[in-house]
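Please find below some notes on the model, set out as numbered points. They deal with one helix and with a selection of charged pairs.

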Amino acid sequence: MVVTVFGLGFVGLTTAVGFAQTGIKVYGIDVNQARVETIKAGKLPFFEPGLDEALVHNLNRNFYPTNDVESAVRESDCIYYCVGTPYGEKGQADLTYLYEAVQSSLAYIDDGKFRVLVTKSTIPPSTTEDKIIPFVEKMGFCVGKQIGVANNPEFLREGCCWDDFMNADRIVAGVSDRQSEKMLRTLYSKFDIPFYAVSLNTGEFIKYLSNALLATLISYANEMSVIADTIGDIDVANAFRILHMDKRWGSCVMKTYAYPGCGYGGYCLPKDTNALLSLSRNKGYDAGILKNVIETNEKMPEFIVRKITKNIDKENKIGILGLSFKPGSDDVRDTPAAKVIRKLMKEGYSNIIAYDPIAVEEFQKHYEFDIAYSYQIMQALEKADILVILTAWEEFRKVPELTEKEIVDCRFML
């Protein structure tokens, strides 16, 4: 079996190299030529532990980054789409990149060979059935007979993508015909992981079910921390640590999400909660809890800025510790740090120096803030008058040992 993967970001590259690791021949395609060249050189275009070694091991052995869409598509049995599906102003999922990738691959399918088109990009429930299949059929294909259409949602955590793919706890495939299901079962047959073939809508919904819960837990924890702060004389960190001891949670690591911080960020949770709320509203139901989860997350930067500026002057230098949206990753998309810095500057607190163990350069590429940056933590500690922890990097636990300056611990990790 041969696979082609469109989109070589966190999900796409992990998927491509993961299949290649099992001996499957995989082609990788991306519209970003610089990214393709970086990958061809055996380097990752982002930080992802474990994937770097796997890329080097499989490059030009089972995994082939290429610009030759025609040859890749003609040779392939399964075509995966791992392109971006960002959300628009009203929260709806933007399928532009997905349509373009599907269209570019369909242009070379004319030999009668049955192939299955698999969307791994996160898309709202009913998208495959209501939008992708009609799009494919409009181009002259009979879905289920000439070609298969399926979805295969990902459950990858940035910073743990490689392990999450190779040792997943479940594989979900939304399918509408037996041939597509058979091909996907064969594709995953070398993985000792439970495989669930479900309806198209169910496959899409499971992803949102998961991400909406994670987002809800994060916003719940943050709202509780604000309430506790409002009441006063509450040891927030200890209260949550005791909460985590609840035996009803079994062996799950609830502290990963049910713990206060700066709000959720990154690519998936903001995009997916907004898209699900938009879909629900379009279907006639205004989901109150989900709406409030999003609103709570959007209000967190305002609360954090109030917390930071409570006892400082606008001339004081603020040291921001942490720029990525989570530790173990250099992803700065929709990161709470950017929201907090933007609001600080808007309120006149522009004397800022920022440090992150690995995400400084990535942050500078995404945000044009007129602030100072440091690649050494001691430099940031020395220059700042007050320190603010915005990302829970493990090294920040030692900050109280390195300085006597005031620390605003927005991650409750000290």
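1. Is Glu302 buried, partly exposed or exposed? The model is a predicted one, and in it Glu302 has a relative accessible area of 41%, which places the residue in the partly exposed class. Its side chain meets that of Arg306 in a salt bridge, with an N to O distance of 3.6 Å, and Arg306 is likewise partly exposed, at 48% relative accessibility.

2. The spacing of this pair deserves a remark, because Glu302 and Arg306 lie four residues apart in helix H12 and are therefore separated by about one helical turn. An α-helix has 3.6 residues a turn, so residues three or four places apart point the same way.

3. Helix H11 covers residues 268–282, and its 15 residues reach 21 Å from the first C-alpha to the last, close to the 21 Å expected at 1.5 Å a residue. The helix is followed by Gly284, whose phi is positive, near 105°.

4. H11 is mostly covered, with twelve of its 15 residues buried; among them are Leu269, Pro270, Leu276, Leu277 and Leu279, but also polar or charged residues such as Lys271, Asp272, Thr273 and Asn274. What covers these buried residues includes helix H9 (200–231) and helix H12 (288–309), the latter being the helix that holds Glu302 and Arg306.

5. Within H11, Asp272 merits a closer look, as its relative accessible area is 1% and the residue is therefore buried. Leaving aside residues up to four places away in sequence, Asp272 touches Thr122, Lys207, Tyr208 and Asn211, and with the last of these its side chain makes a polar contact of 2.6 Å.

6. Asp272 also takes part in a salt bridge with Lys271, at 2.9 Å from N to O. Lys271 is buried too, with a relative accessible area of 3%, so that both partners of this bridge fall under the 20% cut-off for buried residues.

7. Another bridge, between Arg157 and Asp164, has its closest N and O atoms 2.9 Å apart. Here the partners fall into separate classes, since Arg157 is partly exposed at 38% relative accessible area, whereas Asp164, at 11%, counts as buried.

8. For the structure as a whole, the count of salt bridges is 21, and Glu70, Arg74 and Asp110 are linked in a network of such bridges. As general background, side chains of opposite charge can pair when their charged atoms come close.

Note on methods. Residues are numbered from 1 along each chain as its sequence is written. This is a predicted model: local features need pLDDT of at least 70, side-chain atom pairs count only at pLDDT 80 or more; totals for chains, interfaces and linings use all residues. Side-chain values use heavy atoms; hydrogens and water are left out. Helices (H or I, at least four residues) and strands (E, at least two) are DSSP runs, numbered from the N terminus. The expected span of a helix is 1.5 Å times one less than its number of residues. Buried means under 20% relative accessible area, exposed over 50%, partly exposed in between (1.4 Å probe, protein chains only). Contact means heavy atoms within 4.5 Å. A polar contact is a pair of N or O atoms within 3.5 Å; within protein, one must be able to donate a hydrogen and the other to accept it, and residues adjacent in sequence count only if both atoms are side-chain atoms. A salt bridge is a side-chain nitrogen of Lys or Arg within 4 Å of a carboxyl oxygen of Asp or Glu.
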